[in-house]
Amino acid sequence: MIDLLLGLQWGDEGKGKIVDVLTKNYDIIARFQGGPNAGHTLIFDGNKHVLHTFPSGIFHKTALNIVGNGVVIDPVIFKNELDNLSKYNIDFKTKLLISRKAHVILPTHRLLDAASEKMKGKGKIGSTLKGIGPTYMDKTGRNGFRIGDLEFKNWQTKYKNLTKKHLKILDFYDVNLDYNLEDLESEFFNAIEILRTLTFIDSEEYINNAIANGKTILAEGAQGSLLDIDFGTYPFVTSSNTTAAGACTGLGVAPNKIGEVFGIFKAYITRVGSGPFPTELFDEDGKTMARVGHEFGATTGRPRRCGWLDLVALKYAVQINGVTQLNMMKGDVLSGFEKLKICTSYNYKGEEITYFPYNIEEENTSVNYTEISGWQEDLTSMTNADQLPKNLKDYVIFIENFVGVPVKIVSVGPDRKQTIMV
Ligand code: IMP
């Protein structure tokens with residue numbers, strides 16, 4: 001069987017931390033979509049690590065890590081990640097396996113991302129500018145460059161043809177981009193040589209054999225359900241399926257092989273980049289969440305927008321993903337609020353609704369809140385469920401009743417150890 005771990009909001013829920021905590025229960029950790037737009041933060045032994053492409057099981061001695069076919073890989077960022085982890089003496093050749101079917105982000109994909117965003121002006125997506133959209137466009141347009149292509153002698157010809165096409169497209173964009181392709185390519189080719197020293201596999205074959213042999217696998221999602229290309233707040237989304245179905249296509253596993261689906265959410269909600277956000281706060285409460293929760297993007301450093309927990313959106317994400325258990329993150333950040341608000345319905349085009357509609361733009365949508373008493377206690381040194389304040393337990397019960405799925409983990413700080421099983 002394979003378990004899934006997914007973010008249920010707009011990303012940055014704390015997936016990396018929980019994967020790291022759960023890795024001891026698994027033989028294999030596999031990333032199935034997204035790319036270096038992700039920034040999974042892990043904190044242990046007083047050190048902080050941000051992973052962009054590597055699965056979050058990389059620090060554990062026993063776990064094998066797979067970068068699945070649904071992932072897009074930037075060799076330059078990949079090499080940086082390898083360099084950053086060099087002091088840990090990890091045997092990457094055996095511990096990190098890469099799908100031949102994963103697509104490669106070329107330097108010109110990044111340029112196209114930047115040009116596309118510039119063209120959009122105020123309507124920009126707020127992309128991380130890592131070339132994600134253009135790389136997935138080439139994938140679905142059947143022009144992509146895959147990891148397996150690197151095993152062919154003429155891979156440079158394929159690279160050159162694709163780059164030539166990208167440069168022509170760049171000409172169509174009426175924007176000024178400051179870049180030096182020669183420098184970008186030299187960095188890229190250098191990184192490719194490093195990447196080629198790692199192990200490429202037919203990951204769907206590998207994973208299905210592992211399942212047949214009773215191995216335990218955890219699929220690690222990136223971004224969040226509300227950024228899913230189909231079910232997110234389109235067009236302000238990423239370019240992959242971040243939801244459960246994405247694990248099937250991004251690893252080559254059948255739906256009937258899926259066991260638990262862990263849904264990760266923050267006790268409030270954040271968003272980085274543009275797009276609708278019905279419970280967004282512009283007042284002191286939002287600023288407090290941002291300050292206490294250190295809400296700055298792990299990949300881009302941009303400040304994250306903050307708001308009250310949106311249960312309409314959470315219920316939607318639970319439904320789409322078939323979540324079997326929830327993990328609530330950052331309960332500690334809400335300590336000190338006298339009253340907490342939870343969004344329990346939308347007013348949408350004059351009607352009160354509890355489902356997530358086609359379009360939640362500001363002009364169509366306002367929110368209805370239920371107020372709940374907050375907790376004042378500092379949670380960060382608590383280690384078991386009995387210590388948790390009654391008001392926090394009531395908050396959790398309210399969520400469970402609304403979405404119909406139990407909360408099994410409450411996280412009270414960024415460290416591995418600040419994790420309470422409830
Ligand atoms: P892209 O995937 O870099 O093109 O970005 C598309 C949208 O998804 C932007 O709003 C980004 O800020 C957002 N996004 C992409 N990756 C992440 C992530 O890992 N966490 C949070 N937001 C993300």
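**View 1. The second largest pocket of the predicted model has a volume of about 620 Å³.** A pocket is an open set of points, on a 1 Å grid over the protein atoms alone, where a 1.4 Å probe fits, with protein on both sides within 12 Å along at least five of seven lines. The volume is the space filled by probe spheres set on the points, which are joined across faces, edges and corners. The model is predicted: local features need pLDDT of at least 70 and side-chain atom pairs pLDDT 80 or more, while totals for chains, interfaces and linings use all residues. Residues are numbered from 1 along each chain as its sequence is written, and side-chain values use heavy atoms, without hydrogens and water.

**View 2. The lining of the second largest pocket comprises 30 residues.** Lining residues have an atom within 4 Å of a point. Thr41, Gly293, Arg304, Lys330 and Pro414 lie nearest the centre of this pocket. Helix 1 (15-22), strand 3 (40-44) and strand 4 (47-51) each give two or more residues to the lining; helices (H or I, at least four residues) and strands (E, at least two) are DSSP runs numbered from the N terminus.

**View 3. The ligand has 16 residues around it.** A residue counts as near if one of its heavy atoms lies within 4 Å of the molecule. Asn37, Thr128, Thr238, Val272 and Arg302 come nearest.

**View 4. Side chains of Ser127, Thr128 and Arg302 make polar contacts with the ligand.** A polar contact is a pair of N or O atoms within 3.5 Å. The distances to a ligand oxygen atom are 3.1 Å from Ser127, 2.5 Å from Thr128 and 3.0 Å from Arg302.

Definitions and conventions: A polar contact is a pair of N or O atoms within 3.5 Å; within protein, one must be able to donate a hydrogen and the other to accept it, and residues adjacent in sequence count only if both atoms are side-chain atoms.
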